Amino acid sequence: MSTGKTRPPIGNEKLISKLRDKGITSEMVLDAFRKVPRHLFVDGAMYAQAYDDNALPIGEGQTISQPSVVALMTELLELGKDDKILEIGTGSGFQTAVLAQFSRRVYTIERHRLLGEAARKRLRDMGYMNVVFKVGDGTRGWIQHAPFDRIIVTAGAPVTPESLANQLATGGLMIIPAGERKNQQLFVYRKTEQGLISQSAGNVVFVPLIGEHGWKD
Ligand code: SAM
């Protein structure tokens, strides 16, 4: 589902070809990147770097994730248009906007009020109507809207919170970086009738997931 009203910006095709070089093959994911102008998610002083494959600062000591990692996580989620998604770590809202291209509804939680409110305004101004925002501790999930078909965590946890696994629907997928505070493995969990099956998709570096079921501040 595409609800954004923005046009593809200059520079995006260069990024798309970098994503292909890094092994992203899903045309749906690449198309979603075409529709989300990354320069609108960073400070004006960083416009020139917006289409490089790098994480960039967004304030509050946080970052907008590296595009190839956003693309990989989105691809691994195997999204369908009827999926209800929970995202933990709204940040700038870039990953949220990519997810919102595909899916029925995205529920997104950010612990920093300023970031969460800025992302809410940014996405509303861009025309996204299928995103529900919350400021709070995402390690608890969002029980009122559970179960979710897909859960994506965009900050690094010490271990996968059981609270989130419990809110994943049977047949659903969850993707989460977990491990050390400054270096994690990207885990993909599939929930079956028999329980969770996990797989590692490689090493990543995310800012810490801070909260009741994450790292302490
Ligand atoms: N995907 C985002 C983007 O595209 O801009 C980047 C996310 S950034 C790497 C991780 C975010 O997770 C930060 O904004 C951080 O404040 C947030 N975060 C950390 N712990 C959290 C928690 N318990 N609940 C919600 N958000 C959390």
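This is a short tutorial dialogue on reading a ligand site and a set of paired strands in a predicted model.

Trainee: How many residues surround the ligand, and which are the closest?

Mentor: A residue counts as near the ligand if one of its heavy atoms lies within 4 Å of it. In this predicted model, 27 residues surround the ligand, and the closest are S92, E110, D137, G138 and I210. Sorted by class, this shell holds ten nonpolar, 14 polar and three charged residues.

Trainee: Which polar atoms lie by the nitrogen atoms of the ligand?

Mentor: For a polar contact, we look for a pair of N or O atoms within 3.5 Å. Here a polar backbone atom of I210 is 2.6 Å from a nitrogen atom of the ligand, a polar side-chain atom of D137 lies 3.0 Å from a ligand nitrogen, and a polar backbone atom of R111 is 3.2 Å from a ligand nitrogen. The protein covers 99% of the 610 Å² of accessible area that the ligand has on its own.

Trainee: Which elements give two or more residues to the shell around the ligand?

Mentor: They are β2 (62-64), α4 (94-100) and β4 (105-110), and β2 provides the largest share, three residues. The space that the ligand takes is the largest pocket.

Trainee: How many bridges join β7 to β8, and do these strands run parallel or antiparallel?

Mentor: Two strands pair if there are at least two bridges between them. Strand β7 (residues 168-180) and strand β8 (residues 183-192) are joined by eight bridges and run antiparallel, with M174 opposite Y189 in β8, and a hairpin of two residues links them. Eight bridges also join β8 to strand β9 (residues 195-204), again antiparallel, and there Q185 stands opposite N203 in β9.

Methods: Residues are numbered from 1 along each chain as its sequence is written. This is a predicted model: local features need pLDDT of at least 70, side-chain atom pairs count only at pLDDT 80 or more; totals for chains, interfaces and linings use all residues. Side-chain values use heavy atoms; hydrogens and water are left out. A polar contact is a pair of N or O atoms within 3.5 Å; within protein, one must be able to donate a hydrogen and the other to accept it, and residues adjacent in sequence count only if both atoms are side-chain atoms. Accessible areas come from the Shrake-Rupley method with a 1.4 Å probe; for residues, only the protein chains shown count as cover. On a 1 Å grid over the protein atoms alone, a cavity is a set of points where a 1.4 Å probe fits but cannot get out, and a pocket is an open set with protein on both sides within 12 Å along at least five of seven lines; lining residues have an atom within 4 Å of a point. A molecule sits in a cavity or pocket if more than half of its atoms lie within 2 Å of its grid points. Helices (H or I, at least four residues) and strands (E, at least two) are DSSP runs, numbered from the N terminus. Ala, Val, Leu, Ile, Met, Phe, Trp, Tyr, Cys and Pro count as nonpolar, Asp, Glu, Lys and Arg as charged, and the others, Gly among them, as polar.
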